Amino acid sequence: MRFQHQHASHCESGVMSSLLRHHGLALSEPMAFGLASALAFAYLPFIRLNGLPLIAYRMPPGAIVRALDRGLDLGVRFETFRSPDAGMARLDALLDEGKVVGLQTSIYWLPYIPPDLRFHFNAHNLLVYGREGDEYLVSDPVAETPVRCARQDLQKARFAKGVLAPKGRLYYLTRPPPAGDWRALGRRALARTAHIMLHTPLPLVGVRGIRWLARAVERLGCAEDDGAAKLYIGHIVRMQEEIGTGGAGFRFIYAAFLQELAATTGYGPLEALAARLVEIGDEWQQFAFAAAKMIKRRIAFEPPALAARLRDIASREQRFFADLNQARLAWAL
Amino acid sequence: MRERDVPQEGNATLAGHRKAVYAVGEDGKLRVVPSRGWEVEEVVTRQAVEDLERRAREARSPLEYHMYRARMDIAMLAGAVGIWRWRLRRHLRPQVFARLPLRWRRRYAEALGIAVEALARVD
């Protein structure tokens with residue numbers, strides 16, 4: 001079967017959606033994202049990126065592939081390699097077998113990514129569906145069309161070192177995916193996400209993590225020429241809008257998932273919850289908009305005002321996920 | 001976000017690419033809409049890139065310059081080369097870098113994705 005590229009807003013859910021569709025199971029990107037319970041929030045000040053804290057709006061890399069593998073019983077096989085040569089040879093062998101192969105790569109070394117977006121992020125997922133000589137045919141979900149990547153560049157991207165080093169990780173399906181029981185999978189996924197957002201014991205994760213971030217933002221200096229404070233604010237927005245998301249920290253994708261789950265299973269209450277999550281996503285965007293205006297000095301630089309917005313979002317999300325959990329409990333099997 | 005509100009502001013950092021975002025269409029359903037970018041993203045991306053460019057300009061040694069040019073920091077480059085951070089910090093000092101043996105220069109050049117000769121130059 002000819003492989004079909006699909007433009008997606010997040011790399012990992014996009015890869016899984018394309019891979020499953022290629023193997024005959026039509027699963028949209030939002031469904032892949034939602035069924036894997038990929039939505040989250042985490043503020044991790046002890047992990048530093050260029051001196052700034054890690055702020056994540058979703059589960060750690062690899063979680064989507066693993067959760068779908070477990071939930072749908074896909075028999076995904078992962079392989080990592082010590083030597084780049086062995087890793088490239090294995091990729092070639094799999095492609096010769098006609099397999100479509102998922103790769104974990106560093107986005108920095110991929111030449112087709114616009115230069116300004118190439119940062120050292122080691123868990124960018126993409127699919128390789130063929131090879132012509134020394135050029136690989138790549139379906140990168142965040143690119144609009146299929147692209148090509150030279151062997152040398154791909155090797156560098158697969159064997160980048162550092163945090164989350166991919167070690168040449170590749171993965172592929174070993175059996176045709178069975179049709180899922182969307183109702184049972186959906187209920188379980190909703191329970192997991194509500195639990196992560198509301199009841200993670202660590203105060204840095206979920207709704208409490210948003211409040212913790214708000215407190216850190218509040219403590220920033222208000223001085224107009226405080227470059228460090230502005231970088232911090234810009235960093236939050238960049239993590240939210242730019243790093244592998246469809247905007248608003250993945251809230252819109254999850255809303256699309258709720259809508260689609262409602263349509264597939266006929267469980268109506270999810271429809272209204274999706275609309276509420278879209279509003280929360282809009283609030284996240286307004287936060288980003290206000291932050292950018294402050295960075296550009298179009299309005300006064302006031303971190304406490306941004307902190308207040310974050311607190312408002314936190315309480316909205318708290319109510320939202322509590323109601324989501326109630327809707328899940330009321331969902332008769 | 002409504003479909004008609006999806007930003008199409010021709011973001012320079014996207015270099016002509018379009019990214020997929022989810023937005024609510026006329027029928028109330030969320031779907032993928034390609035976006036030419038949002039000024040907000042451009043502001044924060046340029047801010048991050050410019051900060052690295054500034055650090056590169058203020059670098060004391062060619063190695064430090066190339067480290068920031070490659071968008072790395074001390075933790076990242078030390079990890080990529082496989083040495084302790086204090087050791088890299090020492091190598092970043094101009095006097096130490098000037099005397100750095102060729103095999104070390106090779107390791108750094110490899111990790112930074114540049115030629116060994118380029119490592120000694122600041123362009």
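**Reading the contact between chain A and chain B**

Author: In this predicted model, chain A and chain B bury about 3,800 Å² between them, and carbon and sulfur atoms give 57% of that area. On the side of chain A, Asn50(A), Asp116(A) and His120(A) lose the most area to chain B, together 16% of what that side buries.

Reader: How many residues does the contact take from chain A, and how many from chain B?

Author: The contact takes 47 residues from chain A and 41 residues from chain B.

Reader: How many salt bridges does the rule find across the interface of chain A and chain B?

Author: The rule finds six salt bridges across this interface, and one case to look at is that of Glu271(A) and Lys29(B), whose side chains meet at 3.7 Å, N to O. Polar contacts are counted as residue pairs, and across the interface there are 16 of them, with both residues at pLDDT 80 or more.

Reader: Which elements give two or more residues to the side of chain A that touches chain B?

Author: They are α2 (29–35), α8 (227–241), α9 (251–265) and α10 of chain A, and among these α10(A) gives the most, with eight residues. By residue class, the side of chain A that touches chain B divides into 22 nonpolar, eleven polar and 14 charged residues.

Reader: Does Pro269(A), in helix α10 of chain A, count as buried or exposed, and why?

Author: Pro269(A) counts as partly exposed, because its relative accessibility is 40%, and the partly exposed class lies between the cut-offs of 20% and 50%. The helix in which Pro269(A) has its place covers residues 269–295.

Key:
Residues numbered from 1 in each chain as written. Chains lettered and ligands numbered in written order. Predicted model: local features only at pLDDT ≥ 70, side-chain atom pairs only at ≥ 80, totals over all residues. Heavy atoms only, no water. Helix = DSSP H or I, 4+ residues; strand = E, 2+ residues; numbered from the N terminus. Buried < 20%, exposed > 50% of the residue type's maximum accessible area, 1.4 Å probe, protein only. Contact = heavy atoms within 4.5 Å. Buried area = accessible area lost by both parts, 1.4 Å probe. Salt bridge = Lys/Arg side-chain N within 4 Å of Asp/Glu carboxyl O. Polar contact = N/O pair within 3.5 Å; in protein donor to acceptor, adjacent residues only side chain to side chain. Nonpolar A, V, L, I, M, F, W, Y, C, P; charged D, E, K, R; others polar.
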